[in-house]
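This report describes selected side-chain environments and one helix packing arrangement. The sequence and model are shown first.

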Amino acid sequence: MTASPALDLTTARQALDGQPFSRLLGARLTAFGDGGATLEIDIREELHQQNGFLHGGVLSYAADNALTFAAGAVLGPSVLTGGFSVQYLRPATGRTLRARAEVVHAGRRQAVVRCDLLTLAEDGTETLCAVAQGTVLPTRSP
């Protein structure tokens, strides 16, 4: 078995850019390492739902990816989300969505990760709009 290459901010950004859906949303990793990851998406009209708020699917996507990248900082680059849940607290409005994830516990078989989903206003004020928690599993090379 060959060792996986180390995952740092540069290689994590390359992995994110390798996801066509992430490119479509304009997602970007702004922080990575030490069991944490922060993913940001500019909020634009085509990402809204019918009431003018950011669509829950965008929040869910951001949580999923932030959770997985945070776990990858601990477990290595070959990981997959095992499952996660999202609790929506308030409608998401603002200029930027920020998903800030941190590993709560990591073992050999999984990592448990928590993610705060915040929106940033024009003045930079953060508002918590949802929280997520999930498990991320290392995958084995074929």
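## Local environments and helix packing

Leaving aside neighbours within four places in sequence, Glu40 is in contact with Gly26, Ala27, Arg28, Thr30, Thr96, Leu97 and Arg98. The model is a predicted one, and the values below are to be read accordingly. Glu40 belongs to strand β2, which covers residues 36-42. With one of its contact partners, Arg98, Glu40 forms a polar contact between side chains, at 2.7 Å. Glu40 counts as buried because its relative accessibility is 9%, under the 20% limit that defines the class.

Leu97 also appears among the contacts of Val58, which touches Ile41, Leu47 and Leu97 when residues up to four places away in sequence are not counted. Val58 lies in helix α3, residues 56-75. A relative accessible area of 8% places Val58 in the buried class. The C-alpha atom of Val58 is separated by 15 Å from that of Leu16, and the two residues are 42 residues apart along the chain.

Leu16 takes part in the packing of helix α1 on helix α3. In this contact, Ala12, Ala15 and Leu16 of α1 meet Tyr61, Asn65 and Phe69 of α3. The residues involved divide into 5 nonpolar and 1 polar, with no charged residue. The axes of α1, residues 9-17, and α3 come within 12 Å and cross at roughly 145 degrees. The crossing of α1 past α3 is right-handed.

Tyr61 has a further role in the description, as a member of an aromatic pair. The count of such pairs comes to 1. Phe21 and Tyr61 form this pair, with 5.5 Å from centre to centre and 80 degrees between the planes, an edge-to-face geometry. The pair links distant parts of the chain, since Phe21 is in helix α2 (residues 20-25) and Tyr61 is in helix α3, 40 residues apart.

How do the two ring residues compare with the other residues in accessibility? The table sets out the values and classes.

| Residue | Relative accessibility | Class |
|---|---|---|
| Val58 | 8% | buried |
| Glu40 | 9% | buried |
| Tyr61 | 9% | buried |
| Phe21 | 48% | partly exposed |

Within the aromatic pair, Tyr61 is therefore buried at 9%, whereas Phe21 is partly exposed at 48%, because the partly exposed class lies between 20% and 50%.

Key:
Residues are numbered from 1 along each chain as its sequence is written. This is a predicted model: local features need pLDDT of at least 70, side-chain atom pairs count only at pLDDT 80 or more; totals for chains, interfaces and linings use all residues. Side-chain values use heavy atoms; hydrogens and water are left out. Helices (H or I, at least four residues) and strands (E, at least two) are DSSP runs, numbered from the N terminus. Buried means under 20% relative accessible area, exposed over 50%, partly exposed in between (1.4 Å probe, protein chains only). Contact means heavy atoms within 4.5 Å. Axes are lines fitted to C-alpha atoms, for helices over the stretch in contact, and angles run from 0 to 180 degrees between N-to-C directions. A crossing is left-handed if the near helix is turned anticlockwise from the far one by less than a right angle, and right-handed if clockwise. Ala, Val, Leu, Ile, Met, Phe, Trp, Tyr, Cys and Pro count as nonpolar, Asp, Glu, Lys and Arg as charged, and the others, Gly among them, as polar. Rings of Phe, Tyr and Trp (its six-membered ring) pair if their centres lie within 6.5 Å; planes under 30 degrees apart count as stacked, over 60 as edge-to-face and the rest as tilted. A polar contact is a pair of N or O atoms within 3.5 Å; within protein, one must be able to donate a hydrogen and the other to accept it, and residues adjacent in sequence count only if both atoms are side-chain atoms.
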